[in-house]
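User: I would like a close look at one part of this chain, with the terms explained as they come up.

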Amino acid sequence: MKNHLSLVTCHLSLMTCHVSLITCLFALLPFSVNAQTVLSKYQPGVTTDGAIYYLPKTALHFLVQVEKTTYTPGEYAPYAERYLALHGVKTEKTVSYRVTNVMMQAVGQADTAKCFALKYNARSAASNLELADDGVLLAINTPGIRQERPRHFTPSAKPRALNPRQFLNEEILAAGSMAKRAELIAQEIYNVRDSKNQLTRGEADYMPKDGEQLRIMLAQLDEQNQALTQLFAGTTVCDTTEYIIMTCPMTAVKDMVLFRLSQHLGIVNADDLSGEPYYLTIDDLKTVPVPADSKKKKKKLEEEGIYVNIPGRIKATVTHRGREYFSDELNAGQFGNVELLSAELFNKRYAIRLRLNPVNGGVELLESEQVK
């Protein structure tokens, strides 16, 4: 007869939860398996007599996408206004950076302040443990949940760079001065534009036979016009790079400098005043009450059983110049409490299945089935 215990799921904030460290009675010996213990091939912290495990704290990985814009002036930029009526064309190369997107991933990591020892005994059903590679407890008597691999940013493919020189005729190349070449190139641009207008109006001497041929001819004229115009207006190239900024705040924080961005240098150190600050605020939503009696809490942590996080909920916000770039709520293992699942639950009269969240250590599954 199945007796489903209620699922304990609370969600954490990043407030330091000082937990008494239980004296680890078992040395970290090489892994081996006995008849009563079923374990994976390699699980750090496991011995033949018991296990030493951690509960996780929740780190925040901020994925910051920064766009780098590089402007390269054209060879004939000084003549852009005279021959093409292009005003304000820059003659110096410039590089600028800006933040285009901020995302966040929550990642669980071992909290060394929450280290516990479990000793196997014949009366306990809690012998089939699964630990993460860093020793964080994932599950008992059931498959655990592994953390998702981080997403990798893939920039979009760059368009093919145009080569204006392939469109220069013999007369342009033979011109004796830069001013003359600029004048001839400008005239060629006007000829290309005029040819395009004649095609679109149906007035060209040699009209295409069908729509597809017309599309190809117009595309070729557009490419020629763009390439030659670049010799005056210059080119602008945008590249996007993703930076991963990691932090694991243990308490609520207000306007902590997450990173700085220099318009001319890109991402710089948080203490480099050449960049403008982007601030991180962590709000503790206080979804889990703080234990009133620390002595009772300490005594409880000295009892036998399985310890789990009761995570609290936090809100993470990234701002710059008063503008909100990112805001989200999540559960974090540092905020909240540590609770004991009594050893009585793991009596061999019941088939207990326990699964913890790998990021915050909260209970994802807790089932009990009475053994007949």
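User: Which backbone nitrogen does the side chain of S262 reach, and at what distance?

Analyst: The side chain of S262 reaches the backbone nitrogen of L265, at 3.1 Å; a polar contact here is a pair of N or O atoms within 3.5 Å, where, within protein, one must be able to donate a hydrogen and the other to accept it, and residues adjacent in sequence count only if both atoms are side-chain atoms. This is a predicted model, in which local features need pLDDT of at least 70 and side-chain atom pairs count only at pLDDT 80 or more, while totals for chains, interfaces and linings use all residues. Residues are numbered from 1 along each chain as its sequence is written, and side-chain values use heavy atoms, with hydrogens and water left out.

S262 lies in strand 7, which covers residues 253-262, and the chain has 13 strands alongside 5 helices (DSSP runs numbered from the N terminus, E of at least two residues for strands, H or I of at least four for helices). With a relative accessible area of 6%, S262 is buried, a term that means under 20% with a 1.4 Å probe and protein chains only; of the 372 residues of the chain, 42% count as buried. Leaving aside residues up to four places away in sequence, S262 touches Y97, V268, S274 and G275, where a contact means heavy atoms within 4.5 Å.

As for confidence, the chain averages a pLDDT of 82, and 80% of the residues score at least 70, on the predictor's scale from 0 to 100 for each residue. Over residues 1-43, however, pLDDT stays under 50.

Methods
Buried < 20%, exposed > 50% of the residue type's maximum accessible area, 1.4 Å probe, protein only.
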